[in-house]
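Colleague: Please give me a close look at a single part of this protein, the sheet region and the elements that pack on it. I should like one connected account.

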Amino acid sequence: MEPLTLHTPLTSLPGVGPAREKALDKLGLRTVADLLAYFPRDYEDRTLRESIAACPLEEPVCFSALVAEPFRTSYVRRGMELTKGRIVDGTGQVEVTFFNQSYVRSALTPGETYCFYGKLTGTGRRRQMINPVFEREGEGRVTGGIVPVYPLTAGITAKRLTSWQRLAAQCVPQIQETLPEDLRRTYRLAPAAFSYRAIHFPQSWEDLAQARRRLMFEELFCLNLGLTLIRGRRGEQTAVPFLRQDLDAFLSGLPFTLTDAQLRSAREAAADLKQPVPMNRLLQGDVGSGKTVVAAACAYLAWDNGCQTALMAPTELLAQQHVKTLSDLLGHTGMRVSLLTGSMTAAQKRACREKLAAGEIDLIVGTHALLSEPVAFRRLALVITDEQHRFGVDQRAALSAKSGGEERPHVLVMSATPIPRTLALMIYGDLDLSVIDQLPPGRTPVDTMLIGGDKRQRLYGFVRKQVGLGRQVYLVCPAVDQEDPAGMKAAEQYGRQLQREVFPDLRVAIVHGKLKAREKQQVMEDFAAGRIDVLVSTTVIEVGVDVPNASLMIVEDADRFGLSQLHQLRGRVGRGKHQSYCVLISDNRNEQTRKRLKTLCATTDGFAIAEEDLKLRGPGDFFGARQHGLPQLKLASLEGDMRLLHEAQDAARAVLAQDPDLQNHAPLRQRVEQLFRENGDIFN
């Protein structure tokens, strides 16, 4: 085999044929450099314990022991064989059982010493172990240290991936140092070569902590550099300035008065829209806080300045709802609002496109259909996207590109996901931020309670009572169609049980992500139209239609959800004039878990909940899980360490103050470009 370099394709490694090449490609791994940047998701402590007697029970442990007798295989039933034997040291003995692994008879030689890793069970001196990992003492390949655990895919085993990582580790000295030495010294960061070696094969937990800190810092630092450069490039782009800024005609025709927060957000956006550079603003607000009226104000300014607006929604149903709401809000102004979705007939789409191109539509609302090639505008100057995490930066850019000419449209992004300000600036770092932090008057808070599964029968009675009053009910499950070993409720099975056994006289329907888009749409339309009493669902309804008649939200296995997600689900009810309720069901007795869920019962302030979630869970709920379109971070879930984020932001500002285009930091510039490559070259 030729010497490896960072650019060596993985097909050069032993054991990588066409099938494994395809499986590795699925993980995004094509070269040795990709492999080294593929970090473990966890680690197992396989450092050796002193003796069998010193090993705790019911948790994974590693120890060395002598094989006391030959292992023997017995056949329990067809397709099931047990291979058993005894291992000993000076302090005790363990009976070891392997299922369907008869090869261990020849692999474990009596009188020889091996290292074993697994979970010990039993009482007193009678200890057992099932299917442990083992190797001859002194080999040190799978035992005796801290062992990385990688995310895998079908066709790639942990053993294979670890062996390829060992080969790739030869190339660690070739990795270029991206962080300047003075910056590493200031922030106490380990060198790149040490960090890449220790992240895969740490010699100690201290080495691992140092490696993780350095690599997490580097990711956040480069992300901040990239986002700052994007903001800088935005200043070099041009947009249509909306010089006519009089909102009075729009505001005076509304049947309600804007809240202070809505008015403040509308004015912040209007100030941006007056500039000859594109607005890029995130409008954050709780469910029901009135983000749409702020969007309508922006669309009004576009129209008053002779321009068109496009609003992109994640689902057809939501797009239809927006058309209705915006038509109501803007009807008195004379603006022409229209809809364009994939399910419209060819003739309807053609007619709509012709009107758009002729400038006979002022505000078009649609789904991904707005991105399709034939759609052209007369003068598109404002793009609004709803629930930004459903649209990547590239999709936002594709719609923006339809403005034609040199000028870029202004962009307003709406999100009902409350995210703490610090984190919002990180996730949506290329956007300015407006927050609607108060609800309109007259909204009745949703009563939230936490109960155990033993109260389910009483809850069914409450469901009947709500339906009897003419209301509707959501029931959310964490799984789709199969119960896991922990007994999580699954929408498909539980929904059918409710239909057959519990509410045979009520109209119960089921919706989840595995249904075809048309089927999902139909169920949601039926629920919105009042043709369904109880909707059993997964979180597919988290971003859903406005059903003012729904008054009860039930969440099964509530401990499986983040607080922010539960708050989003709760926002599906309480939209009408009726008192609404949210019931969280959980049998989890963990003190921390119950404290988390009780936070939701105590407050309806989405931002307070998000801050609490961040404290209790770390930002994992926000980072990575959301398809926000920015580069995917491999390590920086931070585990609540916001100090590292602030340090990375400070460091990025300091470097760019000295070198605005990173011309004097070539390796760093290359690393930032690489991080952002999937979303276009930020330096062009």
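Modeller: The account below begins with confidence and then follows the strands and their helices.

This is a predicted model, in which local features need a pLDDT of at least 70 and side-chain atom pairs count only at pLDDT 80 or more, whereas totals for chains, interfaces and linings use all residues. Residues are numbered from 1 along each chain as its sequence is written, and side-chain values use heavy atoms, with hydrogens and water left out.

The average pLDDT (the predictor's confidence in each residue, from 0 to 100) is 85 for the protein, and 88% of the residues score at least 70. Residues 619–629 have a pLDDT below 50, and this stretch has 45 contacts (heavy atoms within 4.5 Å) in the model beyond near neighbours in sequence. Residues 679–684 also have a pLDDT below 50, with 16 contacts beyond near neighbours in sequence. Where pLDDT is low, the predicted coordinates should not be read in detail.

Helices (H or I, at least four residues) and strands (E, at least two) are DSSP runs, numbered from the N terminus. Two strands pair if DSSP finds at least two bridges between them.

Seven strands make up an open sheet with parallel pairing, in the order β12-β13-β11-β14-β15-β10-β16. At its edges stand β12 (337–340) and β16 (432–436); each has a single partner strand, so one side of each is left without a neighbour in the sheet. Direction ignored, neighbouring strands are turned against each other by 20 degrees on average. Angles otherwise run from 0 to 180 degrees between N-to-C directions, and axes are lines fitted to C-alpha atoms, for helices over the stretch in contact. Within this sheet, β14 (residues 380–386) and β15 (residues 410–415) run parallel and are joined by five bridges; Leu382 has His410 in β15 as its bridge partner.

Helix α10 (residues 291–304) packs on this sheet, where it touches β10 (280–285), β11 (308–312), β13 (363–366), β14, β15 and β16, and its direction makes about 170 degrees with that of β15. Helix α11 (residues 316–330) lies across β11, β12, β13, β14 and β15, at about 175 degrees to β12. These two helices also meet each other: the axes of α10 and α11 come within 10 Å and cross at roughly 60 degrees. The crossing is right-handed; a crossing counts as left-handed if the near helix is turned anticlockwise from the far one by less than a right angle, and as right-handed if clockwise. From α10, Thr292, Val293, Ala296 and Tyr300 meet His322, Thr325, Leu326, Leu329 and Leu330 of α11. By class, six residues of this contact are nonpolar, three polar and none charged. Here Ala, Val, Leu, Ile, Met, Phe, Trp, Tyr, Cys and Pro count as nonpolar, Asp, Glu, Lys and Arg as charged, and the others, Gly among them, as polar.

Another open sheet has six strands with parallel pairing, in the order β17-β22-β21-β18-β20-β19. Its edge strands, β17 (447–451) and β19 (508–511), each pair on one side only, and the twist from one strand to the next averages 15 degrees. Four bridges pair β18 (residues 472–476) with β20 (residues 534–537) in the parallel sense, and Val476 stands opposite Ser537 in β20. Helix α16 (residues 491–502) packs on this sheet, touching β18, β19 and β20, with its direction at about 175 degrees to that of β19. Helix α19 (residues 591–602) lies across β17 and β22 (581–585), at about 155 degrees to β17.

Helix α18 (residues 563–570) packs against α19 at an angle of about 35 degrees, the axes being 10 Å apart, and this crossing is right-handed. Leu563, Leu566, His567 and Arg570 of α18 make the contact with Arg596, Leu597, Thr599 and Leu600 of α19. The contact of α18 with α19 comprises four nonpolar, two polar and two charged residues.

Finally, the structure holds 15 aromatic pairs. Rings of Phe, Tyr and Trp (its six-membered ring) pair if their centres lie within 6.5 Å; planes under 30 degrees apart count as stacked, over 60 as edge-to-face and the rest as tilted. The ring centres of Tyr474 and Phe527 are 4.8 Å apart and the planes stand at 55 degrees, so this pair is tilted. Tyr474 lies in β18 and Phe527 in helix α17 (residues 517–528), so the pair ties together parts that are 53 residues apart in sequence.
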